[in-house]
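User: Please take me through this structure and justify each term as you apply it.

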Amino acid sequence: MIEDEFIKIWQSSNNQERIKFEKSKLMIELQSSLGRLDRWWHYMELVEVTLAVIGILLSGFLAYIIPVILLKVVMILIAILAIYLTSKYQGIKKYKPNDLEENYLEYLKKNRKYLEVQKNFLKTYINWGILPIYPIMLLFVIGIWSKVSAYFILIIFINVAAIIIGGYGYFLNQKRVKKKINPRLKKINTLIKLIEED
């Protein structure tokens with residue numbers, strides 16, 4: 001019954017009113033979508049920061065108890081890398097727009113910038129997430145090789161696991177960009193174009 005009334009109203013409305021309705025609908029969908037993305041990003045950030053804190057504490061403890069100097073250096077480098085990665089995640093927060101912007105168009109433009117920063121961050125995962133760890137892994141292998149070369153299989157396993165985890169992280173971030181960020185950027189660009197045409 002109500003649907004029939006909406007259909008009649010829709011058919012009797014002029015083109016301009018339909019555009020306003022489409023714009024309102026797109027605004028509501030986009031706001032909901034951005035809210036879900038923001039919750040997802042917050043959860044991902046929380047997990048990464050928690051892992052970094054655990055990594056820092058564990059590296060500090062291991063650097064204290066391990067007698068081999070090169071392995072102490074490796075643990076300190078891992079702690080420094082964890083701090084660096086945490087600061088990179090925290091650096092993205094400064095682009096997050098406030099809900100109380102001066103107008104909706106500015107809010108959309110700031111959201112677009114925020115999403116572009118997130119997209120760039122995830123797409124460059126190789127530069128900040130993979131490449132810094134491999135020299136540290138090489139130092140680890142050199143440091144442990146002289147002490148426990150009998151555990152050759154374990155050393156190979158650790159390095160292969162690091163490569164697999166790095167590859168998984170890379171492809172996961174590419175998927176996140178494609179499935180989560182790009183569709184929202186497209187909606188924002190469409191809405192900005194609609195508002196600027198008015």
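**Terms and the values behind them**

Analyst: Leaving aside residues up to four places away in sequence, S59 touches M75, I78 and A79. The model is predicted, so local features need pLDDT of at least 70 and side-chain atom pairs count only at pLDDT 80 or more, while totals for chains, interfaces and linings use all residues. Residues are numbered from 1 along each chain as its sequence is written, and side-chain values use heavy atoms, with hydrogens and water left out.

User: What makes M75, I78 and A79 residues that S59 touches?

Analyst: Contact means heavy atoms within 4.5 Å, and S59 has such contact with M75, I78 and A79.

User: Why is S59 called buried?

Analyst: The relative accessible area of S59 is 5%. Buried means under 20% relative accessible area, exposed over 50% and partly exposed in between, with a 1.4 Å probe and protein chains only. S59 therefore counts as buried. Its place is in helix α2 (residues 15-65).

User: How is a helix recognised here, and how many helices and strands are there in the chain?

Analyst: Helices (H or I, at least four residues) and strands (E, at least two) are DSSP runs, numbered from the N terminus. The chain has 7 helices and 0 strands, which gives the pattern α-α-α-α-α-α-α along the sequence.

User: Why is the pair of Y89 and W128 called edge-to-face?

Analyst: Rings of Phe, Tyr and Trp (its six-membered ring) pair if their centres lie within 6.5 Å; planes under 30 degrees apart count as stacked, over 60 as edge-to-face and the rest as tilted. By this rule the count comes to 8 aromatic pairs. For Y89 and W128, the centres are 6.1 Å apart and the planes meet at 85 degrees, hence an edge-to-face pair.

User: What do Y89 and W128 tie together?

Analyst: Y89 lies in helix α3 (residues 69-92) and W128 in helix α5 (residues 125-130), so their pairing ties together parts that are 39 residues apart in sequence. Y89 counts as buried at 5% relative accessibility, and W128 does so at 6%.

User: How do you know that W40 and W41 form an edge-to-face pair?

Analyst: Their values are 5.8 Å centre to centre and 65 degrees between the planes, which satisfy the rule for an edge-to-face pair. Both W40 and W41 are buried. One aromatic cluster is formed by W40, W41, Y89, F121, Y125 and W128.

User: How much of the chain is buried?

Analyst: Buried residues make up 30% of the 198 residues in the chain.
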